[in-house]
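This report looks at strand pairing, a residue's surroundings and charged side-chain pairs. Please keep the structure in view while reading.

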Amino acid sequence: MNSSAISTDTPSVTGSAQVTIAPLAELISQYLAPADIRRVRNAFRFSDAAHLGQFRASGEPYITHPIAVTEICAGWRLDADALMAALLHDVMEDQGVPKQELAEHFGTDVAELVDGLSKLDRIEFATKTDQQADSFRKMLLAMARDVRVILIKLADRLHNMRTLGPVSPEKRRRVARETLEIYTPIAHRLGLNVLYRELQDRCFEAMYPNRYRVLQKAVRAARGNRREVIGNVTDAVRAALPAAGIEAEVYGREKNLAGIYRKMTLQEKSFSEVLDIYGFRVVVHTQADCYLALGALHQLYRPVPGKFKDYIAIPKINGYQSLHTTLVGPYGTPIEFQIRTRDMHHIAESGVAAHWIYKSADVSLNDLQKRTHQWLQSLLDIQRQTGDSGEFLEHVKVDLFPDAVYVFTPRGKIISLPRGATPLDFAYHIHTDVGNQASSARVNHEQVPLHTELKSGDTVEIVTSMAARPSSQWLGFVRTGRARSEIRHYLRTVQYAESVAFGERLLAHELKQLGLSLDEVNDATWEKLARASGADSRAEILADIGLGKRLAAVVARRFMPGADVVATTAAAVDEVTAVRSAPILIQGNEGQSVQLATCCSPIPGDALIACIRTGHGLVVHTADCPTALRQREREPERWIQNVAWDNNPAHHFNVRVDVVARNERGVLGRIAAEVSAADANIAHITTQDDAAATVMLHFTIQVADREHLAKVFRYLRRVPQVQRILRLRG
Ligand code: MN
């Protein structure tokens, strides 16, 4: 141990022969200044003393663990502060060393890092979804504040996975599952691919030890069998590239077992069918060389159609760039090639850590660093807007489990969106205002609904309108965290104001039934009610009423002379239905607090029924809506029968109408003319050819009320080709 800068004058106090810090000392002497090496040495001495007498499950002194973690971090060339924090990462949590003491000895930067790591240690990774979501949120937020925290944490986890041997199989599986659920997605998102692959393999081994062993043996055997093929290919490629004027390094590469296993289970293949267990990596000088090398390889062996992927033009979200192609080698063996420059290779192996390892002026490294920083910043923004862990996780899930489509702006800029994304996701990606005012979209110059799923290569254009605004239905089809959180944010803000207004109307109405008036309720009574029911203000109580969280009838009764002002909750629904005597009147323009169900699209004149959905206000259906009838059987207590249209409803209402007509020329034009003659608007038409002889037309028509709809029907019957007209419900 006397060859290293640390160990010469800093023997481990445990004095055990098992403890060696020589490799770490050697590593840091390569890149740290002498003053920094001294600081790291002090941190080691402190940690060694703190962990004295503590042992790992293997029986080794505990200090071996922080040393190993620090070695991994030094492999990434992390700075002295980060290495010190890695050495000290368990002293707060395990040995109760206070943060203040660390700050005095090693500075606040180190103390903050250790504190961040200790907080992550305290997170209970439970299987319950909401708790897991909370753990995830804390992990990501710690990372957002200082990405070094997560790098040290990942190194910690990697070493724990490497030393799982002595622990019980049950604990091994639990740790592996937690690693797969929380740590590997983060490692992948940050592009730490070497670590990511090792974690995956170690998790696979811990969870399925037998399958792991069998597969490992099979891969070894296959490698032996294919040695000749691989040798031939290596020789051929190493000759072909210089012949084409390309200087390149060619490496063989074995795929990780977890990846092969996943391929076998996903594609339901046996091992012998998974042929491409071996691949090649070609590293060249410039981006142009990548494409030249690709051309040379395609001349050497026939490419497998559909296997070529250009991740140079369109990098993966974690910054990964390479050309991928699969060639048909000798004896028909498919062989995968990855072609990249040295800088791309650095990022492909170490992702965001490449920034520390290769402190070069390279643009792509700095760019990756910048984009990662932006992503982390966006996590903090989402956190500020939601606060709720489940929602937070929902937002970042697509970022962590990427599966992207690539679309173009009208000006040809490439935008990557998660698979399943819609024009709305695109709109919010462009700008919040574009999203909030999106009214329709054109994909490849064709008008499409906003919920259309985008495909790679689509050119997307958003049509905005001042009158358009987000609706809660949008949440049903957006895929990006950004769009979801912007829509929620908008709805929350607008909904609150609307809910207060609607709540006030409902309450005034109920008070009237009791012979009281809202004006008579004085501030003192409001305050008393707010206190008793845990609300902050009068507005909050009114908003709760508007949203269906509190019931107007119950609140109203608290204001009766002699009544006790006590808590009112939605649980008291029975009481309400009993009390309510006059109907709640619907105008149709209440905004978010009253929604007209889209299954039956009620219009003025229809008998109504409504459902209180906590947090969503009233959802109004027609009394005969089959969907409503079904839901009522399940949750009768949420339904109110005493709902009616107001005398002057607000505007025109959508109603869905099917028309069956003889399929003759000009029939659609004739029908449209009659709808318009009846002073109604057509909002949407789709047609469906039932047979050659008849056509089924689905209309969405805007009418004022039932009478108006009846007029439309009368006009439509004047068209001789029309055979049947039907208003759709449910
Ligand atoms: Mn640890």
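In which strand does Val-443 lie? In this predicted model, Val-443 belongs to strand S9, which covers residues 438-443. With a relative accessibility of 10%, Val-443 counts as buried, the cut-off for that class being under 20% relative accessible area. Leaving aside residues up to four places away in sequence, Val-443 touches Pro-423, Val-448, Leu-454, Asp-458, Thr-459 and Val-460. One of these contacts, Leu-454, is 11 residues from Val-443 in sequence, and the C-alpha atoms of Val-443 and Leu-454 are 8.2 Å apart.

**Strands and their partners**

Strand S18 (residues 653-662) is largely enclosed by the rest of the structure, because seven of its 10 residues are buried. S18 runs antiparallel to strand S20 (residues 694-703), to which 10 bridges join it, and within this pairing Ala-661 stands opposite Val-695 of S20. S18 also pairs with strand S21 (residues 722-727), again in the antiparallel sense, over five bridges; here Val-659 has Ile-725 of S21 as its bridge partner.

Elsewhere, an open sheet of four strands with mixed pairing follows the order S13-S15-S14-S16. Its edge strands are S13 (594-596) and S16 (639-640), each of which pairs on one side only. Strand S14 (residues 608-613) and S16 run antiparallel and are joined by two bridges, with Ala-610 facing Ile-640 of S16 as its bridge partner.

**Charged pairs**

Side chains of opposite charge can pair when their charged atoms come close. The structure holds 26 salt bridges, among them the three listed here.

| Acidic residue | Basic residue | Closest N to O |
|---|---|---|
| Glu-178 | Arg-157 | 2.6 Å |
| Glu-198 | Arg-202 | 2.8 Å |
| Glu-664 | Arg-662 | 3.0 Å |

In the salt bridge between Glu-178 and Arg-157, Glu-178 lies in helix H10 (residues 169-189) and Arg-157 in helix H9 (residues 147-162), so the pair ties together parts that are 21 residues apart in sequence. Glu-178 is buried at a relative accessible area of 11%, and Arg-157 also counts as buried, at 10%.

Glu-198 and Arg-202, by contrast, are both in helix H11 (residues 193-207), where, being four residues apart, they are separated by about one helical turn; Arg-202 is partly exposed at 28% relative accessibility. In the salt bridge between Glu-664 and Arg-662, Glu-664 is partly exposed with a relative accessible area of 36%, and Arg-662 is partly exposed with 33%. Finally, Asp-79, Asp-109, Asp-146 and Arg-148 are joined into one network by salt bridges that share partners.

How values were computed. Residues numbered from 1 in each chain as written. Predicted model: local features only at pLDDT ≥ 70, side-chain atom pairs only at ≥ 80, totals over all residues. Heavy atoms only, no water. Buried < 20%, exposed > 50% of the residue type's maximum accessible area, 1.4 Å probe, protein only. Pairing = 2+ DSSP bridges. Contact = heavy atoms within 4.5 Å. Salt bridge = Lys/Arg side-chain N within 4 Å of Asp/Glu carboxyl O.
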